[in-house]
Amino acid sequence: MAATMKKDVGVQLSITFELIPLVTGDEQFLKVQLTSAKYNSMARPNNEVAVPELLKYPAFFEMTGDTINKVYLVEGDSIFATNIKKGIMALFQIKEEAGERTEVLGLTVWMKATMSYEIEDSIIQRAGGTSHVVSYINSRTSLNGGLISSQKLSMENISDKNMLSSLSIEEAVSKAETEIGKSLVMSLLPSDNEITQCDEDCQSPKELAGKLHDDLTQQKLASLDSAKAFVKMLRSFRNSGTKAISEVFSSPDSYYIVPQLIDVAAAAQTSSSQEALMGLLSFEDDYAVDYPERYLLAAAYSTHPSEALIRDLMGVLGKPIPSETLKESVLLGLAAVTHTYCQIRDQCSHKVIKEVQQLLVSGLWNCGQQTCQQMYLRALGNAGLSDTVPVILPFTETPAVPMLSVTAINALRRIHRQYINNEVKNAMLRIFHQTTAQYDSTVRSAALELILKNQPSPHVLRNILLTALDQTNAEFSSYIVRCVIDTATFDVSLRESLHAVLQDPSINNYYILSQKGKSSIFTSYLAKTAEINATYTMFIENTNSGVMKKSGMDVSLLGRKLKEPFMKFGIYAEGLESLVGDTEESEETNVPEKESPAPAEPTAGMTFTLMDVLLRQIEFFRGSAGLMSAVWNAPSELTSALQANLLLQDHSQRVHLSNGLVVEVQVVGVLSVDLSGYVSISLWNRNCEALVKNSGALYIEGSMRIDSSLLKSGLVFKGEGQSSIDFQTDADFYEMPLKLCMQMMRPEFTFRQSFSQYEKLKGLKTLRRKTAKISKVPFESFFLNKANSEECKLLKKE
């Protein structure tokens, strides 16, 4: 029952039966014959309905001691009837089941069954028990469902009729078949699932796509209409064959919604949908890459990837792919699917995973260019395979190519902490302290972040803070101190180490903690709930002259037992000093005897990570000519860089109750997302205005129902909301130092929760109960840091 409901729905089944021992001794053979059966509505008592189909045939079981060995059912008896009879048999197998708790994809399902018996002279006089099933969304526990199943058994009388104890079990089975006139089929004690061909109001994918056409258009993405249409199409695709799915792809009416249908087919994760997709897509055209790119994005977030999917993607890589950007997307998608596949116990040892690892590693070693190496390193980062750490590590120490080093360090983000050994930690310390070579500050900051995430000792932390005394690059020194303090805010272990280090006056002083640079990193709360908090981390690192080197936002979900990265986007830049008239020497002027990175070519771009899956990065420009082209072609209106409907939660589970009935628990969660932006650059006025708009709609639908064609009862819970976060940047580089103002805002939005309960019992009117709760979240402009607020005041005055 949903937490907000006042009354329960359900069914009460009352049965009288005879238990007849046909064979006695160490091995017993018993007959269960129902003599009366009727059910009642829990919400509407005193409305009894007889169930004659339960009385039609008996059932038999073989028992040794307290254990049921074999069950014999009459061929042709309904699954519902045999399940109820199995539930009766289970009462005589005396045991208590321990509670079971499973957590998967943000959903918790908790189950427990207990039984008690009253026995006199080795005969059960009374028995009773309950089964509990509870499911809830971890991030919003008010979206929940619960079920209580109770059983009571009492003996009415004892009779000696029909005793055939002199027979063997084989003879008793044969005699029973002769009396009934039908064969007995051997079965197991657990209940069987009732097979339903189609849900109510079932429609083919083609018919449903026509009905939902407007909601599936590109313009509706990042809206609840799009997310709900996705869920409906998903159910249809999962119940359809290859031919039906292919028909909807090729239909003229689907021309403008094919990308959204690709999202649905990839999320369906059935062999039929995968086969239809492989028939639709071509990876061998250099120009027609939109459909394959959309498929690879959706496939990267597969919740239950199969070995067949991995082999299909490997097969694509085995053929020529003329488009390098598409090839990178295939690699990133394959690696992400591999990581998810490995989360199931023992699957990471499968042969196919070793083949993927070999493909990625050999591809990396065979690369002749740095861009190729970066591509394979990004793929290895998505895969997160612990065996690849020794392969990735040498690429982290490449001082002459800062972007390659940063990519390699970030490729370690999904590796479990236990595999970040001393060799890795020492390499990061060498990079940060520049003990063997001189590194760009972006490489050192990436190394610092990895060090801080892996429980550095107080001694290591002390040495890191001491480097902030070097004011050769005041901006980087500022970033060091603020990164350490900010990371410690949400990391208990690091906070304790920092507290110990700050007891030393040589560390806890003005010269280290009061930095003058504008580089910063700042974490605060995006949203707070009773179950989970969402945090955002804003970061910006500047060159010594104040020109941006990297900036962005990182959103994470924090719960009592989890910390999950949700989204991260970052803008990076190299070699922009000369473009804004900065004639200062390179920021890295110390340690001249060490290997120094070559002057960087003017470059800028954006990286985007969603749910810890790195997507293909976007390069804005490379070189002065590329910058001029970007200036003249920059979109003055919002232009989408990423659009998709993605499956966040996908869980289906059947729970076999001790009374023989089966309860089906299902939860589907969808994120409809649109990442868009625009940039306006004026070289004449020497200013820039940029907007990144993250729009999204979240829709969660869960249900708990009795899997029965005769006794239909259950509940449905839903949660839905849509909003956006705008990240606006204004820069003025007319004169130095550069002025930069960043603003992050979220409009007012509502989150709606609804619960409905129903009973559809044969012979009774359908009962439905509904309730809803609406929460309003007000507009908010998020504080970033004090220095940014001061910059915004100066910029807005002008």
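This briefing covers the disulfides, salt bridges, a strand hairpin and a buried helix of the structure above. The model is a predicted one. It holds three disulfides and 29 salt bridges. Several of these links tie together parts that are far apart in sequence, including Glu701 and Arg235, whose elements are 466 residues apart. Helix H8 is largely enclosed by the rest of the structure, because eight of its 10 residues are buried.

**Disulfides**

- Cys342 and Cys348 are joined by a disulfide with an S to S distance of 2.2 Å. The torsion about their S-S bond is about 80°, so this disulfide is right-handed.
- The two ends of that link fall into separate accessibility classes: Cys342 is buried at a relative accessible area of 14%, whereas Cys348 is partly exposed at 31%.
- A disulfide also connects Cys367 with Cys372, with 1.9 Å from S to S. Here the torsion about the S-S bond is about -55°, and the disulfide is therefore left-handed. Cys367 is buried, its relative accessible area being 10%.
- Cys741 and Cys792 form a disulfide in which the sulfur atoms are 2.0 Å apart. Cys741 belongs to strand S22 (residues 739-746) and Cys792 to helix H22 (residues 786-797), so the pair ties together parts that are 51 residues apart in sequence.
- The link of Cys741 and Cys792 is right-handed, with 95° about the S-S bond. Both Cys741 and Cys792 are buried.
- In chemical terms, a disulfide is a covalent bond between the sulfur atoms of two cysteines.
- As a further cysteine, Cys483 is buried, with a relative accessibility of 1%.

**Salt bridges between separate elements**

- Glu701 and Arg235 form a salt bridge whose closest N and O atoms are 2.1 Å apart. Glu701 sits in strand S20 (residues 687-706) and Arg235 in helix H4 (residues 224-238), so the pair ties together parts that are 466 residues apart in sequence.
- Within this pair, Glu701 is buried at a relative accessible area of 15%, while Arg235 is partly exposed at 34%.
- Lys518 and Glu791 meet through their side chains in a salt bridge of 2.8 Å, N to O. The pair links distant parts of the chain, 273 residues apart: Lys518 is in the loop between helix H20 (510-513) and strand S11 (520-528), and Glu791 is in helix H22.
- Lys518 is partly exposed, with a relative accessible area of 35%; Glu791 is buried, at 10% relative accessibility.
- Helix H22 thus carries a residue of a disulfide, Cys792, as well as a residue of a salt bridge, Glu791.

**Helix H8 and its surroundings**

- Arg294 and Asp263 meet in a salt bridge between their side chains, at 2.9 Å from N to O. Arg294 lies in helix H8 (residues 290-299) and Asp263 in helix H6 (residues 258-268), so the pair ties together parts that are 31 residues apart in sequence.
- Each partner of this salt bridge is buried: Arg294 has a relative accessibility of 11%, and Asp263 has a relative accessible area of 0%.
- The buried residues of H8 are Pro292, Glu293, Arg294, Tyr295, Leu296, Leu297, Ala298 and Ala299.
- These buried residues pack against H6, helix H7 (271-280), helix H9 (307-317), helix H10 (324-341) and S18. H6 therefore meets H8 through packing and through the salt bridge of Asp263 with Arg294.

**Strands S18 and S19 and a charged network**

- Strand S18 (residues 639-656) pairs with strand S19 (residues 662-682) in the antiparallel sense, over 16 bridges.
- Among these pairings, Ser652 has Gln666 in S19 as its bridge partner.
- Five residues lie between the strands of the S18 and S19 hairpin, in which Gly660 takes a positive phi near 100°.
- Strand S18 is also one of the elements against which the buried residues of H8 pack.
- A network of salt bridges links Arg654, Glu664, Arg705 and Asp707.

Conventions
Residues are numbered from 1 along each chain as its sequence is written. This is a predicted model: local features need pLDDT of at least 70, side-chain atom pairs count only at pLDDT 80 or more; totals for chains, interfaces and linings use all residues. Side-chain values use heavy atoms; hydrogens and water are left out. A disulfide is a pair of cysteine sulfur atoms within 2.5 Å. Buried means under 20% relative accessible area, exposed over 50%, partly exposed in between (1.4 Å probe, protein chains only). Helices (H or I, at least four residues) and strands (E, at least two) are DSSP runs, numbered from the N terminus. Two strands pair if DSSP finds at least two bridges between them. A salt bridge is a side-chain nitrogen of Lys or Arg within 4 Å of a carboxyl oxygen of Asp or Glu. Contact means heavy atoms within 4.5 Å.
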